2 protein chains.
Amino acid sequence: MRTIGLADLDDLCRGAAILGTGGGGDPYIGGLLAADAMRAHGPVTLLSLEETPDDALVIAVGGMGAPTVTIEKIPNGDDYVWALEALERQLGRNADAVIPFEAGGMNSTIPLKVAAERGIPVVDGDGMGRAFPELQMETFNVYGVPAAPMAVVNEWGDSVIIEAHDAKMVEWLARGVTIRMGGHSAIAEYAMDGATARRVAVPGTLGLTVSVGRWIREARETHEDVFDALIKGFADTHYQHARILYSGKLTDVSRRTARGFAVGQARIEGLGAWSGEMLIEFQNENLVAYHDGVLRAIVPDLICILDSETAEAITTERLRYGQRVTVLGVSVPDIMRTSEALDVFGPAAFGLQERFRPIEALT
Amino acid sequence: MRTIGLADLDDLCRGAAILGTGGGGDPYIGGLLAADAMRAHGPVTLLSLEETPDDALVIAVGGMGAPTVTIEKIPNGDDYVWALEALERQLGRNADAVIPFEAGGMNSTIPLKVAAERGIPVVDGDGMGRAFPELQMETFNVYGVPAAPMAVVNEWGDSVIIEAHDAKMVEWLARGVTIRMGGHSAIAEYAMDGATARRVAVPGTLGLTVSVGRWIREARETHEDVFDALIKGFADTHYQHARILYSGKLTDVSRRTARGFAVGQARIEGLGAWSGEMLIEFQNENLVAYHDGVLRAIVPDLICILDSETAEAITTERLRYGQRVTVLGVSVPDIMRTSEALDVFGPAAFGLQERFRPIEALT
């Protein structure tokens, strides 16, 4: 058992942007909300999945909607607590702990804010092991936890409780409500007991997110190579295989908004030792990377476009001509690579023709 | 206490089309659903507001969405019962009676179907006294009954419970969910006790709807003038002042779909004794009628465009060049003409500049 406090938040946000693989939203606003709650209520206890009691009621909380919206329509902050309360009322029982449903972006920090306010722990794990654009793309769903009942709440406390026959319909209805709520909502979903969480969650991802941010910061402070530090750091975790896929200059970005997503591709021209071109296709998150037509990494493995100088993540909407970027590929844990998992968030779920191949088999 | 049975349904549907004032959807499919339920379970008890016990739990049920959708996407029928059950689960109590929220169109018949299946009575009254396009336009809302919690259910039994701070937000969220459910949903809303229903409902509208249909049928059978029969019939009710506003040939209909509504205007050229032109503006329902620029009737009073031969109502989407039509205006009961009521469903609520003037003051 450990805690996450104010001093960890900068590392957490930096790491969350990287696990966001281009999506998940800017962790900055979520970080502010968590910092505010921690200043008032102190640090938050982080429970490993092993430490979470079998019968503890664990509820996933976070934000839903277009990340860009939260920059102009700042969440009031209470809405995330209200979402939890709305689901608790529905269940007739209070949560013993919250869990992120997503590792990466804003949804890494929001559970910390809710936990601090409520004085309950956060479980160290999540339902995506990275960022994904839709709510059915969760290991919670893959391994049989019902998404419903789900609470969707706006900044005035208006709430909607969704009961639906599968996670895709829950996502579909919740997305419609979120659009009507102005493009962003606070949600609580996938209520489960601790024993179930241990079976279905991607373990350790909140602690990992803090570590990723710390590796970058410490490497900068000691003038080590930041990318070497990331590769060494990941090697000791269940996100074992990290490697530089490419490095160069962004020469072209085509991006359009389709079905509420930022869809498009980025082209990078090699610099230094890197010849040819890398093509990355994205739908909010980066989905697939080719080097001169050869597959180098594919979803759900992580494809992170990082600033070549600072190793800060560049989100899809901030990609621009001329940026010097280094593309880091990272393998995801086995729980995210089973055939059941790939059915839900593998290449085919994004309309890609390529089949999944592990990044470590693609060198 | 009386009953509504199979033998009343044709009259009810004919009358419901007239109270729909151009909107509310075709009562035909709702009539089939009610007939089916009555064949299996017998006639339905109709409780007057006076007969409804003070502490009876009364819940409004019906359909939401574009009427045109129900013609291609037939409701499975069970969905309306499921909507009631979803709200009952939320309230922790079963309904003692159902009530229509709308008089006119499909929503006059659906409560009969639900009541027959559940073996409970229908309260003779409703929340609109006619058809209106949005759910906040109900006397239930005008006189202080909360619209929430509200249940919205689709044909697979997926359900959404909405809690919101006012009826307009309930409408806004429910409309979004209904769109995601394919354009039509089954809803249950405005749970209240019998004493409250007596205070806030437009009384007697279900019985009236059957009577309107009967007046037309009997006049046809006895070769009386159908319009005289309607005017005489209404005179003995709280919809007291009925009159022919105009009669002629439809010369122009302009209709566009805006914000999910059929918005536009119809022009009628006088025939026989009628000179000049009548202009009728509509938003699903007919809103205002001018004869050569002079106001003749305005919402919430009823403006019904009827076939000049048969007195059958012609809905907005079926208006066509060349039709011979007679426009009937009917005054609505006092409960629908208070300043609170006009704030919610008077001319300004539809963006009209004209102020409300009672039809009986406009001759």
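**Exercise 1.** Is B:Gly233 buried or exposed?

*Solution.* Start with the setting: this is a predicted model, where local features need pLDDT of at least 70, side-chain atom pairs count only at pLDDT 80 or more, and totals for chains, interfaces and linings use all residues. Residues are numbered from 1 along each chain as its sequence is written, while chains are lettered from A and ligands numbered from 1 in the order in which they are written.

Next, count neighbours: 20 other C-beta atoms lie within 10 Å of B:Gly233. A residue is buried if that count is 20 or more, exposed if 12 or fewer, and partly exposed in between, with C-beta atoms placed from the backbone. B:Gly233 is therefore buried.

Finally, look for partners. Leaving aside neighbours within four places in sequence, B:Gly233 is in contact (C-beta atoms within 7 Å) with B:Ser211, B:Val212 and B:Trp215.

**Exercise 2.** Work out how the axes of α2 and α5 of chain A are arranged.

*Solution.* Two packed helices are described by the angle between their axes and the distance between the axes. Here, helix α2 (residues 27-41) and helix α5 (residues 110-118) of chain A have axes that come within 8 Å and cross at roughly 20°. Axes are lines fitted to C-alpha atoms over the stretch in contact, and angles run from 0 to 180 degrees between N-to-C directions.

Now classify: angles under 35 degrees count as roughly parallel, so α2(A) and α5(A) are roughly parallel to each other.

Who makes the contact? Among them are A:Leu33 and A:Ala37 of α2(A), and A:Leu112 and A:Ala116 of α5(A).

Terms used: Contact = placed C-beta atoms within 7 Å. Helix = DSSP H or I, 4+ residues; strand = E, 2+ residues; numbered from the N terminus. Parallel < 35°, antiparallel > 145°, perpendicular 65-115°, else oblique.
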